[in-house]
Amino acid sequence: MNQKNKIIIHAENVKKKFGDFYALKGVSMNVHEGEVVVVLGPSGSGKSTFIRTINQLEKHDEGKIIVDGTELNDDIKNLETIRSNVGMVFQQFNLFPHLTVKRNVALAPQKVRGLSVEEAESIAMPLLERVGIPEQADKFPAQLSGGQQQRVAIARALAMQPKIMLFDEPTSALDPEMIKEVLDVMKELAASGMTMIVVTHEMGFAKEAADRFYFFDEGLLVEEGTPEHFFTNPKEDRTKLFLSQIL
Amino acid sequence: MNNMLYQSKTWLIENLFSSKLNIALSTFSIIFAYYFIASFLNFIFISADWKVVDVNLRLLLLGPFPKDAEWRIWVSIFWVTFMSGLSYKHLSTFHLKHLMNLSPLILFILFLIDPIKNIIITLLTLISFILFVMGYNFPYERIPKFSKNSFILFGWAITLPLIVIFLKIFGGVETTKWGGYFLNIMLAWVGIIFGFIVGLILAIGRASSLPAIKYSCTFYIEVIRAAPLVAWLFFAYLVIPDLLPGFFAGKVDIALRVMIVLSAFTAAYIAEIIRGGLQSVPIGQVEASKALGMNAYQTTSLIVLPQAIRAVIPALVSQFIALWKDTTLILAAGLAFRELLGSGKSALAQFEFIGRYNEIYLFIGLMFWIVSFGMSRLSYNFEKDLGLNRED
Ligand SMILES: Nc1ncnc2c1ncn2[C@@H]1O[C@H](COP(=O)(O)OP(=O)(O)OP(=O)(O)O)[C@@H](O)[C@H]1O
Ligand SMILES: [Mg+2]
């Protein structure tokens, strides 16, 4: 929230190429603890690629990324520890279809943190209550609606007690009537002080929950600022064009 | 009752006699089925002489297995029936009353083999059935420390080694003395277990990013699949002894060589089946697992493999059934080795029974069918338990 909080994500001139194509052409960003950041931009602008470098699902080719005091580079020994501090929610939910909802949430605490089955499940149940679906605990993901699945995915990420949550278009695969239930969970999470980076086109959510906006285009960070700045007087023509299309 | 009669009548009319073409087809099929079944039953109960099976029962089931060691096999059967009872209760879709469906089969076997004359076999079979029921009612929830899943898995994991040791230990039976139906079962069992384990390793190896591992796995799979099983069995019989370093010479008997070949052969096919399963798991699953902080081993063993294997259970079971029937091919690995089909052929060579091949082959076919069908039902129940089967 306020700029006095310490910087938890520091990205400096981050570049990423796929073959000869630069998906990120040098992106720099500082995210403070407790801040909620919304990333905007047209399709193919590198939004997903950027947030995926933060938990190293994509390795960056150049530049520097520091997450919670640890620099992400080839020497890094316990990538798993870093990853377990950064939760991620995907557009396609990616729940584990062969496990029940409760097992989906309890699995990582059990296997990564080394908790017993009972301890892990005693973490899982309150989280399922927090996202509003404790009664679905023993069902399999395929038996749930899209909105419920995405809420399980959020609970699953929270079970590792991460310091940062990444959301990559969490509502894009949902039917309109289910979007709200997921956004409500995200708003509650934002209000609780979680550091969040959210790629989304849901401007209602962005306006209400975000502290800062970042606008990407063609692998570059084109403009950043407060929500108010973006809604009232964006500077760049590309930003204006984009906002006029989605608002 | 009346209602039921009425319903079956409407069903018949709707499904079998609804149009001229349907009437013609149905009539033809019914006549054909009648003659087929009638002549089949006529053969089984009237014109067949089952003495050839009765007299050669021991040869067919056990081959040259020494008579005074038979109790070792019975103890093994007891253990297996006990474990089966234990596990069947665990398959929620299974119920003890389903065993009733086996009654025609049991009656037929009783018809073939006089239960009074073979009173000992009858009694021992009854004991195995009792052990099945005991396993079914076993109070494993009273055993602390083990969950019932791991209890059953552990039980099955030690079963094969236990049986092999038990058959050989304390002046037991040489593997070269194994024979008949028992030999088919042991070979298939070893082949399935080791074929699956090695196949799994090969499939994971083939997906590896390290070129040395990846290409050696691919090489192995391609080489094995390039030749038929019979050729590999000849290889086991004739070539392997010459290739082995002096130290092993004479220690690796023909039974062991055949087991190695069957496992190695099956492994190559299993590997390709599992590779197909691995490809069917979306990349998002791996990403979600990694994003939670799980390492490569955890991601593979907890997320990718369970999904990959579930996706290919039907193909795996087909491969196991194929292996089961391919155990008859070991005839290629030397005549000293007689499994069920080979034993059947020697029975047919007996002067008294020349020409009784209908009876022998029908019996052999039935024996193979029992296990094949059993495996297919087992996997069907298993799939249903995993919630995979939406057929009904
Ligand atoms: N694995 C990959 N291999 C090759 N090119 C890729 C890969 N992943 C992304 N790209 C390319 O990188 C560019 C940026 O992709 P990215 O997915 O980050 O865009 P995005 O801003 O998230 O778009 P969208 O709104 O469609 O999700 C695109 O041109 C895309 O085609
Ligand atoms: Mg994207």
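This passage describes a predicted model with two protein chains, A and B, and a ligand, taking in turn the ligand site, chain B, the contact between the chains and three individual residues.

The surroundings of ligand 1 were examined at the outset. The shell around ligand 1 is drawn from chain A and consists of A:Phe18, A:Phe21, A:Ala23, A:Pro42, A:Ser43, A:Gly44, A:Ser45, A:Gly46, A:Lys47, A:Ser48, A:Thr49 and A:Glu169. By residue class, this shell comprises 4 nonpolar, 6 polar and 2 charged members. Two elements of chain A, the strand β2 (21–32) and the helix α1 (47–54), each contribute at least two residues to the shell. Of the elements involved, α1(A) provides the largest share, with 3 residues.

Several polar atoms of the protein approach the oxygen atoms of ligand 1. A polar side-chain atom of A:Ser48 is found 2.6 Å from an oxygen atom of the ligand, and a polar side-chain atom of A:Glu169 is placed 3.1 Å from a ligand oxygen. The backbone also takes part: a polar backbone atom of A:Gly46 lies 3.0 Å from an oxygen atom of ligand 1. On its own, ligand 1 has 630 Å² of accessible area, of which the protein covers 60%.

Chain B contains 17 helices and 0 strands. Of its 392 residues, 41% are buried. Contacts in chain B that join residues at least 6 apart in sequence were also considered, and 78% of these link residues at least 24 apart. The accessible surface of chain B amounts to about 22200 Å², with 72% of it belonging to carbon and sulfur atoms.

Two residues of chain B illustrate its helical arrangement. B:Thr81 is located in helix α5, which spans residues 70–90. Because its relative accessible area is 18%, B:Thr81 is classed as buried, the limit being under 20%. With residues up to four places away in sequence left aside, B:Thr81 touches B:Ser128, B:Leu131 and B:Phe132. B:Ile152 belongs to helix α8, formed by residues 148–168. The relative accessibility of B:Ile152 is 8%, and this residue therefore counts as buried. Although B:Ile152 and B:Ser87 are separated by 65 residues in sequence, their C-alpha atoms are 6.5 Å apart in space.

The contact between the chains involves 21 residues of chain A and 17 residues of chain B. Together, the two chains bury about 1600 Å², and 65% of this area lies on carbon and sulfur atoms. On the side of chain A, the residues that lose the most area to chain B are A:Arg83, A:Phe96 and A:His98, which together account for 33% of what that side buries.

A:Ser84 offers a further view of the contact between the chains. This residue is situated in helix α2 of chain A, residues 79–85. A:Ser84 counts as buried because its relative accessibility is 3%. A polar atom of the A:Ser84 side chain is positioned 2.8 Å from the backbone oxygen of A:Thr81. Excluding residues up to four places away in sequence, A:Ser84 touches A:Val112, A:Arg113, A:Met160 and A:Pro162 in chain A, as well as B:Leu292 and B:Gly293 in chain B.

Definitions and conventions. Residues numbered from 1 in each chain as written. Chains lettered and ligands numbered in written order. Predicted model: local features only at pLDDT ≥ 70, side-chain atom pairs only at ≥ 80, totals over all residues. Heavy atoms only, no water. Near = heavy atom within 4 Å. Polar contact = N/O pair within 3.5 Å; in protein donor to acceptor, adjacent residues only side chain to side chain. Areas by Shrake-Rupley, 256 points an atom, 1.4 Å probe, with all protein chains shown as cover. Helix = DSSP H or I, 4+ residues; strand = E, 2+ residues; numbered from the N terminus. Nonpolar A, V, L, I, M, F, W, Y, C, P; charged D, E, K, R; others polar. Buried < 20%, exposed > 50% of the residue type's maximum accessible area, 1.4 Å probe, protein only. Contact = heavy atoms within 4.5 Å. Buried area = accessible area lost by both parts, 1.4 Å probe.
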